[in-house]
Amino acid sequence: MSGTNGMSGTSTVERALEALYGDDDRAVDTAASLLAADRTADAELARRGEEFVRSLWARGWQPADVVRMVRRELDDEHVRLLTGLVRTETARYERLPHRWQAQLDALDEEGSKPLGLDRFSYATAVLELYRLLVRLPRLDAVGPVPGETLPPPVAGEPKLLTRIRALLAKAEATTYTEEAEALTAKAQELMARHSLDEASLAAGAPAPETPGALRIGVDPPYEQAKAILLDAVAGANHCRAVWNEAYGFSTVVGFEADLDPVELLYTSLLVQGTAAMTRAEAEQRAGGRKRTKSFRQSFLLAYANRLGARLAATSRRVAAETPTLLPALASRDVAVTARTDELFPETRTTRVRAAWDEAGWHHGTTAADRAGLGPRGRGEIHR
């Protein structure tokens, strides 16, 4: 026999993992002591972690979702532990589902570096991580999981996404507001025209395409305003967004050709909005006025509210240029709504209740639309 007190590494791990299913931190300390004393348990402990991660894929979670939850609930060392597990587990597969590789590329490289913890602290961190992983609930799947049969891979990024990405990168980089607005408007116009092209192709297809979905992180602070912005971008591009506040993401439902452009535009607008908010705060401070959380929240709410109107107007204008395709677009909208209702039968619309700052709202509206139109409401969101 090897290990401590005649136990094998496997039996040590089995005993230690019993602590995952209770709420007694003393049990975790005891389990960590067992693991720290038995070096033969290390390989089995890591293997069980990979199993826990693999079970999350089957329960609808994706790498970015799990990392987001661990980052919200635990500490940096837990994120680094998880990153190592995810990299090891996903390396088993010859191919990964669409969008998974981008999520893996975004993982913190720190996950491959040693933590520098003593054995007891390391075992404690591992058990705390595993305890969170086993308690995560099942989510509605938004795509295939590793190991399933996958559609043929597509070589390279679609030209449309490359063009949109380039336009938005320029919009984020410029210091001229009018130029940023023009570049962003052009990106939205490209998205709207592409959606029309896809609707035209679908109208003549022998079998209708089924709407898909993706999850996009909505991180603090000011999650409500960010979720409203994402909802506005999704709605203007024939998608629907449903915010899950508890887990820090929105699920965007739509046809495949629309999903990636929505994520690109939302991410860019969030970057642009944050930069505009920072400039507005600097102006306010220069004038001797202290800015507050309510200023920032009101700014982002107004920014999302007005941008939604601008994006929707662009989409309507483009669609009106080809009236013969309006029935096809309407049919796709119905399909997206039906798929959303199927995934989220208990979705509700909630009016946002937020601290109000008139200056913040004014600056946010101005940042979204130089015409300076006043506020028309404080936003709603689907949950």
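Okay, quick one before we start: when I give an angle between two helices today, the axes are lines fitted to C-alpha atoms over the stretch in contact, and the angle runs from 0 to 180 degrees between N-to-C directions. Keep in mind as well that this is a predicted model.

So, with that in hand, take helix α4, residues 63–73, against α7. The two pack at an angle of about 125°, and their axes are 11 Å apart. That value makes α4 oblique to α7, because roughly perpendicular stops at 115 and roughly antiparallel needs over 145. As for handedness, α4 passes α7 in a right-handed crossing. Who touches whom? On the α4 side we have Val-66, Met-69, Val-70 and Glu-73, and they meet Leu-129, Leu-132 and Leu-133 of α7. Sorted by class, this contact has six nonpolar residues, no polar ones and one charged.

Stay on α7, which is residues 119–135, and bring in α3, residues 42–58. Here the axes come within 10 Å and cross at roughly 20°. So α3 and α7 are roughly parallel to each other, and their crossing is left-handed. From α3, the residues involved are Asp-42, Leu-45, Ala-46, Gly-49, Phe-52, Val-53 and Leu-56. Across from them, α7 brings Arg-119, Val-126, Tyr-130, Leu-133 and Val-134. The class split for the α3 and α7 contact is nine nonpolar, one polar and two charged. If you were following the names, Leu-133 of α7 is in this list and also in the one with α4.

Now α3 has another partner to show you, helix α5, residues 76–90. How far apart are the axes of α3 and α5? They are 9 Å apart, with a packing angle of about 75°, so this pair is roughly perpendicular. The α3 residues are Ala-46, Gly-49, Glu-50, Val-53, Arg-54 and Trp-57, and they meet Leu-82, Leu-85, Val-86, Thr-88, Glu-89 and Thr-90 in α5. In the contact of α3 with α5 you get six nonpolar, three polar and three charged residues. Ala-46, Gly-49 and Val-53 turn up in this contact, and those three also meet α7.

One side chain I want to flag: Glu-189, up in helix α9, residues 177–203. Is Glu-189 buried or exposed? Buried, since its relative accessible area is 17% and the cut-off is under 20%. Beyond its neighbours within four places in sequence, Glu-189 is in contact with Thr-314, Arg-317 and Val-318.

Last stop, the sheet. We have an open sheet of three strands, in the order β1-β3-β2, with antiparallel pairing. β1 (212–217) and β2 (240–244) are the edge strands, and each has a single partner, so one side of each has no neighbour in the sheet. From one strand to the next, the twist averages 25°.

Looking at the pairs: β1 and β3, residues 249–254, are joined by six bridges and run antiparallel. Gly-217 sits opposite Phe-249 in β3. On the other side, five bridges join β2 to β3, again antiparallel, and there Trp-243 stands opposite Ser-250. β2 and β3 form a hairpin with four residues between them, and Gly-248 in that turn has a positive phi of about 70°.

That's my tour, thanks.

Note on methods. Residues are numbered from 1 along each chain as its sequence is written. This is a predicted model: local features need pLDDT of at least 70, side-chain atom pairs count only at pLDDT 80 or more; totals for chains, interfaces and linings use all residues. Side-chain values use heavy atoms; hydrogens and water are left out. Two strands pair if DSSP finds at least two bridges between them. Angles under 35 degrees count as roughly parallel, over 145 as roughly antiparallel, 65 to 115 as roughly perpendicular and the rest as oblique. A crossing is left-handed if the near helix is turned anticlockwise from the far one by less than a right angle, and right-handed if clockwise. Contact means heavy atoms within 4.5 Å. Ala, Val, Leu, Ile, Met, Phe, Trp, Tyr, Cys and Pro count as nonpolar, Asp, Glu, Lys and Arg as charged, and the others, Gly among them, as polar. Buried means under 20% relative accessible area, exposed over 50%, partly exposed in between (1.4 Å probe, protein chains only).
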